[in-house]
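Student: I would like to learn how to read a protein structure in an orderly way. Where should a beginner start?

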Amino acid sequence: MTRTDGYLLDNRQAEAAERFEAFAALFDPTTFRHLEGFGIGSGWRCWEVGAGGTSVVSWLAKKVGPTGKVVATDIDTTCLTAAARPPVDVRVHDVSAQEPPGEGFDLVHARLVLVHVPDRERALRSMIKSLRPGGRLLLEDADPALQPLTCPDEYGPEQQLANRLRQGFRRLLADRGADLSYGRTLPRLLREAGLRQVAADAYFPLASPACAALESATIRQIRGQLVTAGLATDEEVDRHLANVATGTMDLATAPLISAWGRKA
């Protein structure tokens, strides 16, 4: 991620840690299932791109053990401090603007990163370049345009307000260069980049407590931008947060599309 275009969800904001916890609850089982399928084990060298929080980094560290290595990078490593011990090497790095932090990796993984990166093509080339022959790449990104609603079952005014605020969030993302249809392109992009054995799937969480936690943290984090842009009023944001806090809304996230392949 890069702040050149004004990244909307800054890791230094108080709500960032809450969002990372929600992402871990929602998506770690899917991510770990794919990584287990690659046969990850002792001695592997891994690059976790745009790591953000620590859940995936810590899991990788346990899998690769003391003989392996996990390079965890982000433009802001504020939330990675707790993971910064061997075999984890935490580095400040912009995947869309800098050379990869090494080569010969057995695994490169990025989750919810490239959708926000302005130069996605360069970032993808960088990740593939860093792989050893036969190394694995796993990209996981959202596709908000594929499922744009917070409440797919829009049966009342609370759900209508939630969906209107989600539209505002999508507008803010698009204005900052996010590609809201990027997730669906991942299998094709991996094939066009020369990777072999490309496959993909999608996960669409609905009515999970973690969806509510993510929604609350996200709306609180972008509240100022929503109001400044005229996309919501303070009263509407307060009302929506109160609705979410009741625990009675069936909230959803955008589908997480996971695509993977092997370097020739």
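Tutor: Let us start with a definition: a residue is called buried when its relative accessible area is under 20%, exposed when it is over 50%, and partly exposed in between. Please keep in mind that this is a predicted model.

Student: By that definition, is Q197 buried or exposed?

Tutor: Q197 has 54% relative accessibility, so it counts as exposed. This residue lies in strand β6, residues 196–203. Its phi is near 55°, which is a positive value in a residue other than glycine.

Student: Where is L112 found, and is it buried or exposed?

Tutor: L112 is found in the loop between β4 and α3. Its relative accessibility is 14%, and therefore it counts as buried. Its phi, like that of Q197, is positive in a residue other than glycine: near 55° for L112 and near 55° for Q197.

Student: How many helices and strands does the chain have?

Tutor: The chain has seven helices and seven strands. Along the sequence they follow the pattern α-β-α-β-β-β-α-β-α-α-β-α-α-β.

Student: What can be said about the overall dimensions of the chain?

Tutor: One may compare a chain with a simple rule for a globule. A compact globule of 264 residues would have a radius of gyration near 18 Å, and the chain has 18 Å, so the two agree. Along its principal axes the C-alpha trace spans about 55 × 35 × 35 Å. Of the 264 residues, 56% are buried. The chain exposes about 11,100 Å², and carbon and sulfur atoms supply 51% of that area.

Student: What share of the contacts joins residues 24 or more positions apart?

Tutor: Here one counts heavy atoms within 4.5 Å as a contact. Among the contacts with a separation of 6 or more, 76% are between residues 24 or more positions apart.

Student: Which residues have the most contacts inside the largest nonpolar core?

Tutor: That core has 23 residues, and those with the most contacts inside it are W47, V49, V108, L114, M127, L137 and L139. At least two of its residues come from each of β1 (45–49), β4 (105–111), α3 (120–130), β5 (131–142) and α5 (186–192). The greatest contribution is that of α3, with four residues. Apart from this core lies another, of 21 residues, among them F32, L35, L60 and V70.

Student: What does L139 touch?

Tutor: Leaving aside residues up to four places away in sequence, L139 touches A110, L114, L124, M127, L186, L190, I257, S258 and A259.

Student: How does one check the length of a helix, for instance α7?

Tutor: One compares the distance between its end C-alpha atoms with the span expected at 1.5 Å a residue. The twelve residues of α7, 234–245, should span 16 Å, and the end C-alpha atoms are 17 Å apart, which agrees. For α4, which has 19 residues, the distance from first to last C-alpha is 27 Å, close to the 27 Å expected.

Student: Which residues of α7 are buried?

Tutor: They are E236, V237, H240, L241, N243 and V244. These residues cover an arc of only 155° around the axis, so they lie on the same side of α7. They pack against α4 (157–175) and α6 (209–228). In α4, the buried residues include L161, L165, F169 and L172, and the cover over the buried residues of α4 includes α6 and α7.

Student: What follows each of these two helices?

Tutor: After α7 comes G247, with a positive phi near 75°. After α4 comes G177, with a positive phi near 95°.

Student: Where does A178 lie, and what does it touch?

Tutor: A178 lies in the loop between α4 and α5. At 13% relative accessibility it counts as buried. Not counting residues up to four places away in sequence, it touches V115, H116, R120 and L173. Its C-alpha atom is separated by 30 Å from that of G156, 22 residues apart along the chain.

Student: Which peptide bond is cis?

Tutor: The bond from P86 to P87 is cis, with omega near 10°. P87 lies in the loop between β2 (69–74) and β3 (88–92).

How values were computed: Residues are numbered from 1 along each chain as its sequence is written. This is a predicted model: local features need pLDDT of at least 70, side-chain atom pairs count only at pLDDT 80 or more; totals for chains, interfaces and linings use all residues. Side-chain values use heavy atoms; hydrogens and water are left out. The expected span of a helix is 1.5 Å times one less than its number of residues. Buried means under 20% relative accessible area, exposed over 50%, partly exposed in between (1.4 Å probe, protein chains only). The arc is that of the directions from the helix axis to the C-beta atoms. The radius of gyration is taken over C-alpha atoms; the globule rule is 2.2 Å times the number of residues to the power 0.38. Accessible areas come from the Shrake-Rupley method with a 1.4 Å probe; for residues, only the protein chains shown count as cover. A nonpolar core is a set of buried Ala, Val, Leu, Ile, Met, Phe, Trp, Tyr and Cys residues joined through side-chain atoms within 4.5 Å.
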